[in-house]
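Colleague: I would like to go through this protein with you. Could we take the overall fold, then the cores, then one helix pair?

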Amino acid sequence: MGQKLKIGGWIAAGAVAGALTTVSLQTVARGSLAPLPLEELQQLAAVFGMVKTDYVEPVDEKKLISDAISGMVAGLDPHSQYFDKKSFKEFREGTTGRFVGVGIEISQEDGLVKVVSPIEGSPAFRAGLKPNDLITKIDDTAVRGLTLNEAVKRMRGEANTKVLLTIYRKDENRTFPVTITREEIRTQSVRGKVFEPGYAWIRLSQFQERTVDDFVKKVEEIYKQEPNLKGLVLDLRNDPGGLLDAAVAISAAFLPENVTVVSTDGQLAESKAVYKAAPEFYQRRAGSDPLRGLPAALKTVPLVVLVNEGSASASEIVAGALQDHKRATVMGSQTFGKGSVQTVRPLGPDTGLKITTARYYTPSGASIQAKGIVPNVLVDESAEGSPYAALRMREADLEKHLASGQGPEVKDSEREKARDEARKRLEEEAKKPPQDRKVPEFGSDQDFPLVQAFNRLKGQPVLVSKTQVIVDNKEEKKEN
């Protein structure tokens with residue numbers, strides 16, 4: 001397995017466009033190809049020729065080819081993508097945790113760019129952008145009609161340059177401009193602290209190259225301060241994913257050695273793999289296990305994993321592994337459901353193709369794709385509930401999303417009903433005068449789900465969800 005990772009490069013996992021995706025970076029020589037559809041290729045060549053000669057103004061040949069490739073790949077699913085020179089560079093930057101931009105994790109909703117979460121400490125965070133804000137314009141360009149990748153390109157740029165974002169905030173029913181100065185974003189993917197004597201909290205905001213090392217340092221700090229830890233909360237809320245080897249390592253930190261963390265299955269032989277809680281499945285340097293310094297008590301400390309609709313891919317791998325092995329109680333909301341693997345194949349020195357090659361399965365054999373992880377205990381965002389949770393976008397809501405592969409998808413009438421009710425509540429809320437509504441910071445003593453997680457660890461009553469509706473998630477298993 002270690003040799004396979006060396007040949008394959010690195011592997012990553014993630015949520016939606018604008019965040020990271022599950023990726024294996026590989027250069028693979030194909031020994032044989034299926035016969036090419038010559039008639040259809042002749043039509044493609046004919047259209048190319050007609051556009052070149054008949055279009056109202058001259059067009060660039062390279063751009064035509066690039067657009068044709070982009071369209072072909074975009075028609076597959078929401079996560080397959082053609083990378084031109086600039087987008088390939090930006091994609092690589094995303095896995096290192098360093099890039100120049102405004103610092104937001106985004107998705108798409110009703111043709112607009114939706115803020116999933118501002119990156120803590122970023123220009124967008126300091127400017128007051130909030131989760132669920134909708135970006136309607138970037139400088140003078142309307143967002144509706146742009147692909148998510150095009151919107152990302154417009155928000156990225158050189159350090160110390162400015163970008164004007166027009167924001168629509170639903171819960172205040174107002175539109176306002178925000179000017180943000182771009183800067184290098186250095187995301188800190190691991191935070192944590194002793195929450196109270198005997199109990200600690202560790203939050204992973206993304207699975208990046210430094211995440212495992214930073215996680216180990218944070219755990220060591222916590223155990224140095226609190227050697228007799230009675231309970232730990234691993235917070236994966238709004239974590240869109242990242243590197244797969246980091247997800248396997250974080251899972252392995254809590255699990256017995258050599259148990260299955262996640263498996264993948266697809267058409268290619270290389271897409272059929274099982275990743276286990278052992279160094280050869282996550283270490284990047286030969287002979288160097290990044291988890292070797294962890295306290296032995298971490299394997300047995302009572303554990304709660306917090307998730308929500310923004311927890312995706314790598315986050316779902318960790319939550320699913322710890323849940324299936326009964327190592328942790330998963331609490332919160334049903335996760336995003338991004339359980340597909342994308343492989344990045346370089347097409348040249350600075351272009352590439354990201355294509356879906358496999359699905360993820362939890363240790364029990366359940367597909368994550370378009371289903372997500374259902375918590376053991378459903379918890380709302382606040383004591384008043386999660387009145388708008390049904391409106392949040394999930395993998396199953398994305399156009400052309402890949403099915404789970406475990407039986408036909410069934411339209412959930414209960415969820416549709418919950419969505420209608422949530423829309424009505426939102427309309428009523430919009431009629432009220434605008435008010436400042438501060439969402440409690442993750443990790444604060446006002447963080448309702450976190451307080452419930454600690455109540456669970458201490459054996460105290462937990463206020464379970466009043467409003468959540470579960471998307472159909474049958475206990476079906478992969479066929480071997």
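The questions below follow that order.

Colleague: How many helices and strands does the protein have?
Modeller: This is a predicted model. Its secondary structure comprises 11 helices and 22 strands.

Colleague: What share of the contacts between residues at least 6 apart in sequence join residues at least 24 apart?
Modeller: The chain has 480 residues, 50% of which count as buried. Of the contacts between residues at least 6 apart in sequence, the share joining residues at least 24 apart is 72%.

Colleague: Which helix gives the largest share of the largest nonpolar core?
Modeller: That core has 55 residues, and F215, L234, F254 and L298 have the most contacts inside it. The largest share, 9 residues, comes from residues 244–254, which form helix α8.

Colleague: Which residues is F254 in contact with, leaving aside its neighbours within four places in sequence?
Modeller: F254 is among the residues with the most contacts inside the largest nonpolar core. Its partners beyond those neighbours are F215, L232, L234, L298, K299, L303, L322 and R327.

Colleague: How are α2 and α3 oriented to each other: roughly parallel, roughly antiparallel, roughly perpendicular or oblique?
Modeller: F48, V51 and K52 in α2 meet E61, L64 and I65 in α3. The axes of α2 (residues 38–54) and α3 (residues 61–74) come within 11 Å and cross at roughly 140°. Only angles over 145 degrees count as roughly antiparallel. The two helices, α2 and α3, are therefore oblique.

Colleague: Is the crossing of α2 and α3 left-handed or right-handed?
Modeller: The axes of α2 and α3 come within 11 Å. Where α2 passes α3, the crossing is right-handed.

Technical notes. Residues are numbered from 1 along each chain as its sequence is written. This is a predicted model: local features need pLDDT of at least 70, side-chain atom pairs count only at pLDDT 80 or more; totals for chains, interfaces and linings use all residues. Side-chain values use heavy atoms; hydrogens and water are left out. Helices (H or I, at least four residues) and strands (E, at least two) are DSSP runs, numbered from the N terminus. Buried means under 20% relative accessible area, exposed over 50%, partly exposed in between (1.4 Å probe, protein chains only). Contact means heavy atoms within 4.5 Å. A nonpolar core is a set of buried Ala, Val, Leu, Ile, Met, Phe, Trp, Tyr and Cys residues joined through side-chain atoms within 4.5 Å. Axes are lines fitted to C-alpha atoms, for helices over the stretch in contact, and angles run from 0 to 180 degrees between N-to-C directions. Angles under 35 degrees count as roughly parallel, over 145 as roughly antiparallel, 65 to 115 as roughly perpendicular and the rest as oblique. A crossing is left-handed if the near helix is turned anticlockwise from the far one by less than a right angle, and right-handed if clockwise.
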